[in-house]
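Subject: The structure for you to look through

Hello,

Here is the structure I promised to pass on to you. Please open it beside this email and follow along as you read.

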Amino acid sequence: MSMDFTKAFAQRANRAPITEEEWADGWVAIVGGINGIPTAQQFNAFGYIIESKVNEAYGQASKAMKGLESKVDKAEGFGLMSDQERKKLKEISTGATKTAKSNTNGSILVDGVETEVYKHPTGAGYEHVPSGGKAGQTVIRGADGSLGWGDSTPTDVESPIKNAAAETTMADDDTVPFTDASAGNTTKKITWANIKALLKTWGDAIFAPKTHTHDDRYYTETEMNSKLSGKLGTSGDGSGTTVAFTEAASRTAPATGESQATLWGKVKKLFTDLKAVAFSGSYSDLSNVPSTFAPEAHTHGAADITAGTLPVSRGGTGATSFTSGYILVGNGTGAVTAMAPGSVAAKLGVAYGVCSTAAATAAKTVSISDFALVTGARVAVTFNYAVPSNATLNVNGTGAKNIRWLGSNVFGGIIQAKDTVELVYTGSYWYILAVDRVAVGALNFADASWDTINAIAQAGMAKNFWSVGDQKSVVLTTGETIMVRIEDFDHDDLTAGGKAKLTLGMVDCLRDKGQMNSSNTNNGGWGSSAMKTWMTTLLNQMPSDLKNVIKQVNKKTQAGNTSKTISTTADKLWLFSYTEVGYAADTNYSPGGEGTAYPLFVSDASRIKKVNGSAAHWWLRSPYLGNSTYFCFVYSDGTRNYNFASNSYGVAVGFCI
């Protein structure tokens with residue numbers, strides 16, 4: 001706020017105003033002072049300033065004191081009011097209460113309490129027309145006297161009508177109420193004169209006049225009885241009727257539509273013309289009879305058949321000649337036919353043909369003329385191309401039948417290109433009797449396809465073809481080639497039940513080493529190991545034809561963490577156990593019971609496996625029984641050992657077919 005300091009400079013006739021801000025900013029120092037020391041003028045000016053401020057404060061205080069003179073002191077329990085409020089209070093009667101508006105109909109608030117001041121009478125005679133309702137409804141009184149909207153019912157009008165006075169004579173101007181549908185079902189009235197006119201118009205259209213006559217199209221009952229007498233009844237019974245007729249002049253057949261007289265005239269003529277023989281039954285009554293007859297029982301010689309061809313039904317052939325050297329073949333009731341000997345052989349199911357169906361096609365066909373498919377039929381077929389597994393043979397369109405051998409459907413490799421095969425039809429399939437080349441044991445394990453190996457194994461004939469130790473190479477999808485060998489036959493238990501026909505194992509290890517677990521633990525054993533989990537990856541690296549025939553088997557392994565409990569897992573690929581490689585049970589290594597030894601593991605030397613061409617340590621799936629951090633492995637010299645689960649050693653797997 002700006003202040004007027006004019007008086008501070010009145011003695012020097014310098015009345016220029018100055019603000020507090022200017023003073024604070026050093027304005028006085030600018031207009032006075034020598035060498036930083038205030039002058040007398042400056043001190044006087046400062047005094048005047050102080051005086052001005054004091055006077056100003058005094059003036060403000062005076063105003064405040066004057067205002068307080070009209071005020072009263074505040075006392076506990078008392079307040080102040082205006083003259084208007086005091087006047088209003090004076091006009092209120094002693095004992096008056098405070099009233100206010102209430103939201104409840106018929107009530108007010110007295111000192112804040114709902115107080116009823118009016119109550120409308122209830123019951124009959126005091127009901128108001130209720131709210132609501134819809135078009136066409138009426139106000140209806142209830143049994144308790146209450147009113148409400150509702151639809152009229154027949155009972156609402158029934159009583160007035162039933163109790164109305166009866167009227168026997170209607171006057172033309174009498175009225176009857178009705179509902180006019182064309183006018184929105186409103187109630188109207190119609191006079192008796194209108195009703196009579198309407199009835200007359202309607203009746204005249206469908207009834208004959210009260211006075212009328214009948215023409216000759218109408219008969220009385222007496223007339224009808226006379227007309228119908230003597231007529232045939234509806235039952236058709238003509239037993240009481242008679243027919244008058246005259247015999248016909250000549251014999252003619254009765255015809256439909258003829259009268260009774262005509263028909264009986266023809267019948268009479270027939271009886272007249274019949275001879276005595278028709279009634280006597282005597283052979284002697286016949287005329288023109290031969291003098292002699294052949295006896296009832298007699299025979300004819302061949303000379304008596306002088307013409308025609310004797311049919312099959314009479315014991316003949318039905319034919320007049322046959323080709324020389326042909327064989328007669330029956331043809332039902334038709335003439336016997338003559339067939340070439342080769343065709344007859346085909347009919348008997350003894351024939352030869354050449355099959356040129358492509359090697360990859362399992363549905364083989366061969367054409368042999370006039371062939372008949374009968375149980376016991378034998379055919380010899382030269383197959384220009386190899387026959388795959390589960391092939392069928394269809395001879396001359398007689399139907400595709402399975403080719404089987406030694407109790408199983410044929411499998412790839414049994415019939416090769418250019419083989420000639422003799423087969424017999426059993427009534428259900430073609431069975432191989434002989435093959436000009438293939439003999440048991442002739443299929444090389446290393447060269448056979450996995451489909452062929454699987455088919456022979458499932459037929460239970462693997463041990464007839466191959467031996468334990470036979471080897472075959474496998475190329476993984478990674479490009480790595482591994483060598484597998486036959487470990488045993490009927491050794492492992494299938495998860496689905498029964499024995500796996502063939503067990504195979506790697507001759508050496510994979511080129512990359514692996515860990516049993518990333519940390520040093522054998523807790524949970526093989527079933528919880530990282531190596532078992534990785535088996536899925538390795539399985540997917542197998543070629544598809546091998547992967548498709550690998551069977552899941554149950555493998556037994558101790559549970560780990562020094563436990564002797566044996567756990568069972570279902571595996572397609574697995575590591576060999578301490579027991580399976582031929583080591584004896586040991587209180588530190590393994591309690592035993594982890595399967596049985598495979599026959600090729602008979603010494604330390606037989607257990608040596610290589611990694612990338614050099615003998616190396618390789619893992620077993622068995623946890624080391626002595627502690628919870630080791631797994632067992634085969635040392636590079638074939639002896640047993642154990643080490644931390646996180647070490648990287650060789651990996652050699654087994655699998656079953």
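Let's begin at L406, which sits in the loop between β14 (401–405) and β15 (408–409). This residue has a positive phi of about 50°, although it is not a glycine. With a relative accessibility of 40%, L406 counts as partly exposed. Before you go further, please keep in mind that this is a predicted model.

You can find a second residue of this kind at N561, in the loop between β21 and β22 (563–571). N561 is not a glycine, yet its phi is positive, at about 60°. Its relative accessible area is 38%, so N561 is partly exposed.

**The sheets**

Now to the strands. In what order do the five strands of the open sheet run? The order is β18-β19-β20-β29-β23, and the pairing is antiparallel. At the edges stand β18 (471–475) and β23 (574–575); each has a single partner strand, so one side of each is left without a neighbour in the sheet. Inside this sheet, strand β20 (residues 502–506) and strand β29 (residues 653–656) run antiparallel and are joined by three bridges. To see one of these pairings, look at G505, whose bridge partner in β29 is G654.

While you are there, have a look at strand β19 (residues 481–489), which holds R485. Is R485 buried or exposed? R485 has a relative accessible area of 12%, so it is buried. The side chain of R485 makes a polar contact of 3.0 Å with the side chain of E487.

Another open sheet has three strands in the order β26-β27-β28, again with antiparallel pairing. Here β26 (618–623) and β28 (640–644) are the edge strands, and each has a single partner, so one side of each has no neighbour in the sheet. On average, neighbouring strands of this sheet are turned by 40° against each other, direction ignored. Three bridges pair β26 with strand β27 (residues 630–634) in the antiparallel sense. If you find W618, you will see V634 of β27 standing opposite.

For a parallel example, go to strand β11 (residues 363–366). Four bridges join β11 to strand β13 (residues 392–395), and the two run parallel. K364 stands opposite L393 in β13. The side chains of β11 alternate: K364 and V366 point to one face and are buried, while A363 and T365 point to the other face and are not.

**Charged pairs**

Side chains of opposite charge can pair when their charged atoms come close. How many salt bridges does a search of the whole structure find? The search finds 16, and three of them make a nice tour.

Start with D180 and K188, whose side chains meet in a salt bridge of 2.9 Å from N to O. D180 counts as buried at 13% relative accessibility, whereas K188, at 37%, counts as partly exposed.

Next come D204 and K200, which form a salt bridge with their closest N and O atoms 2.8 Å apart. Both lie in helix α6, four residues apart, which is about one turn of the helix. D204 counts as exposed at 52% relative accessibility, and K200 counts as exposed at 55%.

The third pair is K555 and D492, with side chains that meet in a salt bridge of 2.7 Å from N to O. K555 lies in strand β21 (residues 553–560) and D492 in the loop between β19 and β20, so this pair ties together parts that are 63 residues apart in sequence. K555 is buried, with 1% relative accessibility, and D492 is buried too, with 5%. Which residues are linked in a network of salt bridges? They are D492, K555, E580 and R621.

**A patch on the surface**

To finish, return to helix α6 (residues 192–206), where I206 lies. I206 belongs to a nonpolar surface patch of about 480 Å², which it makes with L199, W202 and F207.

Have fun exploring, and write back with any questions.

Best wishes

Methods. Residues numbered from 1 in each chain as written. Predicted model: local features only at pLDDT ≥ 70, side-chain atom pairs only at ≥ 80, totals over all residues. Heavy atoms only, no water. Pairing = 2+ DSSP bridges. Axes fitted to C-alpha atoms, helices over the stretch in contact; angles between N-to-C directions. Buried < 20%, exposed > 50% of the residue type's maximum accessible area, 1.4 Å probe, protein only. Patch = residues over 30% accessible without salt bridge, like charges linked within 9 Å, V, L, I, M, F, W, Y side chains within 5 Å. Areas by Shrake-Rupley, 256 points an atom, 1.4 Å probe, with all protein chains shown as cover. Salt bridge = Lys/Arg side-chain N within 4 Å of Asp/Glu carboxyl O. Polar contact = N/O pair within 3.5 Å; in protein donor to acceptor, adjacent residues only side chain to side chain.
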